[in-house]
Amino acid sequence: GGEISRGADVVYQAAGASGKGVFQAAKSKNVLAIGVDSDQYNQKTVEDVKDVIISSMLKRVDVAVYDYIQAVASNNLTSLPKRFDLKVDGVGYATSGGKIDDIKSVLDAYKGQIIGGQITVSDKPSK
């Protein structure tokens, strides 16, 4: 609610499945929202408010688990990346619902620049 009352057009929730209230607040105030962890647009628990979800930040735990099992099976843990980042598909964003289709090429260009090192993403919050 605080971000919305200060004029936000899009709110991002970082509470996973417990962030359902953010989507409900966004819908009631006619703003949009971004989910977290998995593609929340496709989750049954938020089906009644999914029309406000424009994307979700994806933590690709499936990639990390698969890579870890593969490394253990081959007895070579050195093959694991130090970070499961964009470069190794460890994180990403969802496009379900089609609300960001018109800017997907721009987002993919930014992704490429982050992977290529032209854009550095800080691990510390900005002020």
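This is a short tour of the structure, one selection at a time.

**Start with the whole chain**

Show everything as a cartoon, and keep in mind that this is a predicted model. You should find 4 helices and 4 strands. Follow the chain from the N terminus and the elements come in the order α-β-α-β-β-α-β-α. The C-alpha atoms occupy a box of roughly 50 × 35 × 30 Å along the principal axes.

Now switch on the surface. About 8600 Å² is exposed, and carbon and sulfur atoms supply 55% of that area. Of the 127 residues in the protein, 22% are buried. Among contacts between residues at least 6 apart in sequence, 35% join residues at least 24 apart.

**Select residues 5-94**

UniProt, in an unreviewed entry, lists this range as "domain: ABC transporter substrate-binding protein PnrA-like". Within residues 5-94, the chain is 26% helix and 21% strand. If you mark the C-alpha atoms at the two ends of the range, they lie 26 Å apart.

**Select S56**

Next, go to strand β3, residues 53-59, where you will find S56. Is S56 buried or exposed? Its relative accessibility is 0%, so S56 counts as buried. Show what surrounds S56: leaving out residues up to four places away in sequence, it touches I34, G35, V36, S38, D39, Q40, Y41, G92, Y93 and A94. One of these neighbours deserves a closer look, as the side chain of S56 reaches the backbone oxygen of S38 at 3.4 Å.

**Select K27 and D51**

Time for some charged side chains. How many salt bridges does a search of the whole structure find? There are 7 salt bridges, and the side chains of K27 and D51 form one of them, at 2.8 Å from N to O. This pair links distant parts of the chain: K27 belongs to helix α2 (residues 20-28), while D51 sits in the loop between β2 (32-37) and β3, 24 residues apart. Both ends can be seen from outside to some extent: K27 is partly exposed with a relative accessible area of 35%, and D51 is partly exposed at 39%.

**Select R60, D62 and D89**

Move along to R60 and show the side chains of this trio. D62 pairs with R60 in a salt bridge whose closest N and O atoms are 2.8 Å apart. R60 also meets D89 in a salt bridge, at 3.1 Å from N to O. Where are the two partners of this second bridge? R60 lies in the loop between β3 and α3, and D89 in the loop between α3 and β4 (91-93), so the pair ties together parts that are 29 residues apart in sequence. Through shared partners, the salt bridges join R60, D62 and D89 into one network.

Colour the trio by accessibility and you will see that R60 is partly exposed at 25%, D89 is partly exposed at 32%, and D62 is partly exposed at 47%.

**Finish with the patch around I69**

For the last stop, select V61, V65, Y68, I69, V72 and L77 and show their surface. Together these residues make a nonpolar surface patch of about 560 Å². I69 is a good one to centre on: I69 is part of helix α3, residues 61-73. With a relative accessible area of 53%, I69 is exposed, because the cut-off for exposed is over 50%.

Terms used. Residues numbered from 1 in each chain as written. Predicted model: local features only at pLDDT ≥ 70, side-chain atom pairs only at ≥ 80, totals over all residues. Heavy atoms only, no water. Patch = residues over 30% accessible without salt bridge, like charges linked within 9 Å, V, L, I, M, F, W, Y side chains within 5 Å. Areas by Shrake-Rupley, 256 points an atom, 1.4 Å probe, with all protein chains shown as cover. Salt bridge = Lys/Arg side-chain N within 4 Å of Asp/Glu carboxyl O. Buried < 20%, exposed > 50% of the residue type's maximum accessible area, 1.4 Å probe, protein only. UniProt positions renumbered as here; feature names shortened; annotations may be inferred. Polar contact = N/O pair within 3.5 Å; in protein donor to acceptor, adjacent residues only side chain to side chain. Contact = heavy atoms within 4.5 Å.
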